[in-house]
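Got the viewer open? Here's a short walk through the model, one selection at a time.

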Amino acid sequence: MAEIEDVIGRPASVIMLKQLAALDEGCVTVLGHSPVAGFGYRDSDGVSRTTFVGGTPGFARVHSPTRISFALTEPGTPDGPASLVFLLPGAGETLRVNGSARRGAEVTFHVEQVYVHCAQAVLRSGLWHPPAQPVTAGEVAAGPLSAPGVADFLAAAPFLALSSWDAAGGSDTSPRGERGAVARILDGRTLVIADRKGNRRADTLHNLLQDDRMSFAALVPGRTGVLHVRGRAAITVDPALLEPLALRGTPPHAALLVDVEAAELTVNDAVTKARLWVPSATEVPDLVAIGSEHLAANSAKTTGALLRIAGLVPARWLRAAMNFAYRTGLRKEGYEVERATARPRPAGREDPLREVRVVEVRRETPSAVTVVLADARDDTRPFTFRPGQFFTLVDDVGGREVRRPYSASSVPGSPRLELTVKRVEGGRFSTHVHGGLAPGARLLLRGPSGAFHAEADHAEAGHDVALVAAGSGVTPMMSIIRTLLAERGKSRIALLYSNRTEEETIFAADLARLARQHPDRLSVTHVLTSRDGRLDVQRVREWAAGQPRAARFYLCGPQPLMDTTRRALAELAVPDDRVHVERYTSGPTAAATSTTPQKVLVRDGGRPLGAAVVEPGQTLLDAGLAAGLPMPYSCTVGSCGECVVKVLAGDVAQREPNCLTARQKAAGRVLACTSAPLTEVTVDIRTE
């Protein structure tokens, strides 16, 4: 330890005085804003592990100043000393929390030490800056680092969270960052990680003197994969190892030489859900101000007048001083620093996911419920869409993110959005909605999506509307009916509605009530297949022939009924431009996927836009968006066709069924939201 302090020095008193033994109000604020944290622990077998946990701001629930809990979707079992480093997108400083952890239904973490860590690691790495182009590493000798995708990931990773433990039951997870590769490969099982100047706490180095077992989790901006590495580390000051790490002739004062025992690249749920590189207007708390409050609280207990005064310095002055210190220190190390604090990249598009809160779950039939939603942050904010369009709900089901599209059944412009969900046998999301969704639950919402919608001028212009629906296909029709009836006008609405039984007829009471209230504008014809048999071309033609000659037809339901109705309308010579169709299909089956990361090159006509890396199990769309590329999309579940791209080179697997026509598929078109590359691919977002 004396040798280490001879190299790096001793931490100043002010650094140690920022440390607390429990969470205070400022720490709780940080936890409420942080969407992800590096988590280091040892499992019940004593194996060292580091990963990233979270997914949404406030994922860590605070039960008391010394106890928090959070979900862990990976199979590890924390059992003993553990540590966390909380990240705030756009901020340089991090919040370090040390203690112990045990896993039950969730991980329960007992806090023993907490402090604000300086921003140099994040600033060095450029963690929140625009993602760089994919990097290809050279050949690596046999060993854990030669596994598919590992060397390329390390060559591109500027940031990692490194976990270590001491002999007395303490743990520490420390951020490390470099402009370039933060961990450099020496051979198939050896890495070197520079240890540059910082706050001189040197927790990692002190721990490794007592216990050389360590682990880390590395990030590449714009990718949702995480590289997990574990092994044993030694501290070195060997000039032959430090010189290659020099910046502008200045080598680091020390480095870690890591003997790698295991390296695994996986898609990380927390990083995926946190959308770390999606620009956001949300302000984050100033950790420098929180650190100064910690200093003031501890300085009040000391006799040093200078320290007490330092703890009372206004936060804005301290922020300016720290920014200057960061900039000066990093430039001395050889870094070019454009600004002292990191910021999210400029917004090419806003985050399309909107957080909503469940207000009510209303039973419509034994197999259908209506979920009433409100904006989670502003209860009065309206939901804007066109009647007939759908939204995509996003939620965790069994520890995995699941997305499903549902049509709105409410009127546009209201602060309450109603989505009606029919339970599907074996349906993962619909079962979750029917069995596990209750008022107060929070979900993410994407949309509106879809070209199936009533025109805004139908009621005003007096256009008559004829609707054909079966089962849950009535959902968008209810939005159309309610919207048109609420507007002034003389348009008439006729609904032909097929169900198996009266008991399974969604909105039966509402439709009857609306028909009574508007006898001159709404007529409803019910068909119960258990009583009347299935609709055929003749019966649909007879009903359609009774509609006004210039009526606009809207069809939504299973494919056989849609085909039957289209044939009936064709026999009546109804023009195609007056027939609008929405088809309901079963959920797509899983597509084949590569077991290794694959590169995708994205073009816009003849112009290259950039490249991204698609992790195993990830879609072309998710990888492109994470890398900041302007990929077209809307629903993200294969229902709207907005994300069509053309495959120019390489092999792609696509989930079926989907909304593409046979002609589009034959021309090399795929849906980026439901497709995964099997090889390196080139796609064009311009498909005209």
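**First stop: two helices that cross**

Start by selecting residues 537–545, helix α17, together with residues 559–571, helix α18: their axes come within 8 Å and cross at roughly 55 degrees. Because of that angle, α17 counts as oblique to α18. Before you go on, keep in mind that what you're looking at is a predicted model.

Now turn the view so that one helix lies over the other. The crossing of α17 over α18 is right-handed. Want to see what touches what? Show side chains for V537, V540, R541 and A544 on the α17 side; they meet T564, T565, R567, A568, L569 and E571 of α18. Colour this contact by residue class and you'll get five nonpolar, two polar and three charged residues.

**Second stop: another helix pair**

Next, select helix α14 (residues 474–486) and helix α15 (residues 508–517). Here the axes are 12 Å apart, and the packing angle is about 25 degrees. α14 is therefore roughly parallel to α15, since angles under 35 degrees fall in that class. This time the crossing is left-handed.

Which residues of α14 and α15 meet? Pick M478, I481, R482 and L485 in α14, then D510, L511 and L514 in α15, and you have both sides of the contact. Sorted by class, the α14 and α15 contact holds five nonpolar residues and two charged ones, with no polar residues.

**Third stop: a helix against strands**

Move on to helix α12, residues 428–436. Its buried residues are F429, S430, H432, V433 and H434. What do the buried residues of α12 pack against? Light up β15 (354–365), β16 (368–375), β17 (390–397), β18 (400–407) and β19 (417–422): those strands are the packing partners.

**Fourth stop: two cysteines**

Jump to C27. Is this residue buried or exposed? C27 is buried, because its relative accessibility is 0%. Then try C556, which also counts as buried because its relative accessibility is 0%. If you're hunting for disulfides, a search of the whole structure turns up zero.

**Last stop: zoom out**

Finally, clear your selections and show the whole protein as a cartoon. There are 20 helices and 32 strands to find. Of the 688 residues in the protein, 51% are buried. And if you follow contacts between residues at least 6 apart in sequence, 70% of them join residues at least 24 apart.

Key: Residues numbered from 1 in each chain as written. Predicted model: local features only at pLDDT ≥ 70, side-chain atom pairs only at ≥ 80, totals over all residues. Heavy atoms only, no water. Axes fitted to C-alpha atoms, helices over the stretch in contact; angles between N-to-C directions. Helix = DSSP H or I, 4+ residues; strand = E, 2+ residues; numbered from the N terminus. Parallel < 35°, antiparallel > 145°, perpendicular 65-115°, else oblique. Left-handed = near helix turned anticlockwise from the far one by under 90°. Contact = heavy atoms within 4.5 Å. Nonpolar A, V, L, I, M, F, W, Y, C, P; charged D, E, K, R; others polar. Buried < 20%, exposed > 50% of the residue type's maximum accessible area, 1.4 Å probe, protein only. Disulfide = S-S within 2.5 Å.
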